[in-house]
Amino acid sequence: MKKKICIVTGTRAEYGILHPLIMRIKADESFDLRIAVTGMHLSEAFGNTYREIEADGLEIDAKIEVLQNDDSNRAMSLAIGQGVQGFADYFDENRPDMVLVLGDRFEIFAATTTAAVAHIPVAHLHGGETTEGAIDEFFRHSITKMSYLHFASTDLYRRRIIQMGESPERVFNVGALSVENILNLPFLSKEELSQTIGFNLSKPYALVTFHPVTLENNTAVQQLNELLAAVGEEKSMNYIFTKANADANGRAINTRLDEYCTGKSNLVVFTSLGALKYLSAMKYCEMVIGNSSSGIGEAPILKKPTINIGDRQKGRICAASVINCEPEKEAILLSIKKAASEKFSDSIADQTNPYGAGHTSERIVAVIKDFLIEDNRIDLKKKFYDIES
């Protein structure tokens, strides 16, 4: 009997990272792959990105609506409740043998909570990480405690998961799927990318994504304005913006971006580029600017400088190519100047990637097979693992 593996995805970025694992599970005769989409994937305001999944030839098993009509903290709470109800119905009717989730978002928290209550083992990717400025911080750690198998991206993150009481025999440092994705991606040429997105790439450009810092109160637009003021003054580059996620104040950021970009020929804004176009844009850019996790995880693999603004990603392990700065115009301008310098470019040419060598999906599938099929040794009565003080 094939084991039914349900992968839950709620955002464009998350699906792009999961893609090599999804394809490996789909190709394995031991598994019956099911994909449940939720969150931003099902929102017209965020690009209806479930279509990208279908365009990859993948069948969607369930569409579970959770997003509300605004991006307030109350709306996030309501979305969690709606997600729990939707996933409860789905798991009851189509019970999988394992649910696989990535990360730390509220819709993933809802799916994991429901699976845990239904006694369905959860495999979690990217636990043990910290993002001190984002509400994702406590979602991530909560998901860790509800999960059975843990696939960390570095050894430090593995140790943190164990520190939370998870048994070392269920916690694995497998590296990051983003490394595998980039190493095997058939990038568009610069000319193909330019034609596809309808933007002239003959001039150097930066790739910019800015999300709300969700553990701060109403700083999103203020901090974005500081970034835009720096962009307006730094005219040596063009700019490709991608919009914010469906976090509290995300829509406010996106509205401000639309206002700012209207009528300007040196920049363009997209709701979603999709993984191929986004990573191709990263490959040819001068630098990545903003506070997206892609500046921490993907950009260093391509030897691209990252200007990481503010506290959203605070606490993550960073390569030498990441420049951290305050969300202030002058600090951002100084960081752009540093990132553009030949000295800095030379300094990161041989940097070590902290997130593995690119064999992550293979290692994850091997572990799942070991626990779910070969030894059938899943026992949801987890014992708390105490470390020596």
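This passage describes the sheet, the nonpolar cores and one helix of a predicted model.

The sheet is open and has 7 strands. Their order is S3-S2-S1-S4-S5-S6-S7, and the pairing is parallel. Strand S3 (62-64) and strand S7 (171-173) stand at the edges. Each has a single partner strand, so one side of each is left without a neighbour in the sheet. From one strand to the next, the twist averages 20°. At the S3 edge, 3 bridges join S2 to S3. Here Val37 stands opposite Lys63 in S3. Helix H1 lies across S1, S2, S4 and S5. H1 runs at about 170° to S1.

The largest nonpolar core holds 33 residues. Within this core, Leu100 and Ile368 touch the most other members. Several elements each supply at least two residues of the core, including strand S1 (3-9), helix H1 (12-27), strand S4 (98-102) and helix H15 (360-374). Ile368 has contacts beyond its neighbours within four places in sequence. Its partners there are Ile5, Phe31, Met98, Leu100, Leu149, Phe151 and Ile373. A second, separate core has 32 residues. Among them are Ala176, Leu193, Leu201 and Phe270.

Helix H4 spans residues 106-117 and has 12 residues. From first C-alpha to last, H4 reaches 17 Å, close to the 16 Å expected at 1.5 Å a residue. H4 is mostly covered, with 9 of its 12 residues buried. The buried residues are Phe106, Glu107, Ile108, Phe109, Ala110, Ala111, Thr112, Thr114 and Ala115. His119 follows H4 and has a positive phi, near 65°.

Methods. Residues are numbered from 1 along each chain as its sequence is written. This is a predicted model: local features need pLDDT of at least 70, side-chain atom pairs count only at pLDDT 80 or more; totals for chains, interfaces and linings use all residues. Side-chain values use heavy atoms; hydrogens and water are left out. A nonpolar core is a set of buried Ala, Val, Leu, Ile, Met, Phe, Trp, Tyr and Cys residues joined through side-chain atoms within 4.5 Å. Buried means under 20% relative accessible area, exposed over 50%, partly exposed in between (1.4 Å probe, protein chains only). Helices (H or I, at least four residues) and strands (E, at least two) are DSSP runs, numbered from the N terminus. Contact means heavy atoms within 4.5 Å. The expected span of a helix is 1.5 Å times one less than its number of residues. Two strands pair if DSSP finds at least two bridges between them. Axes are lines fitted to C-alpha atoms, for helices over the stretch in contact, and angles run from 0 to 180 degrees between N-to-C directions.
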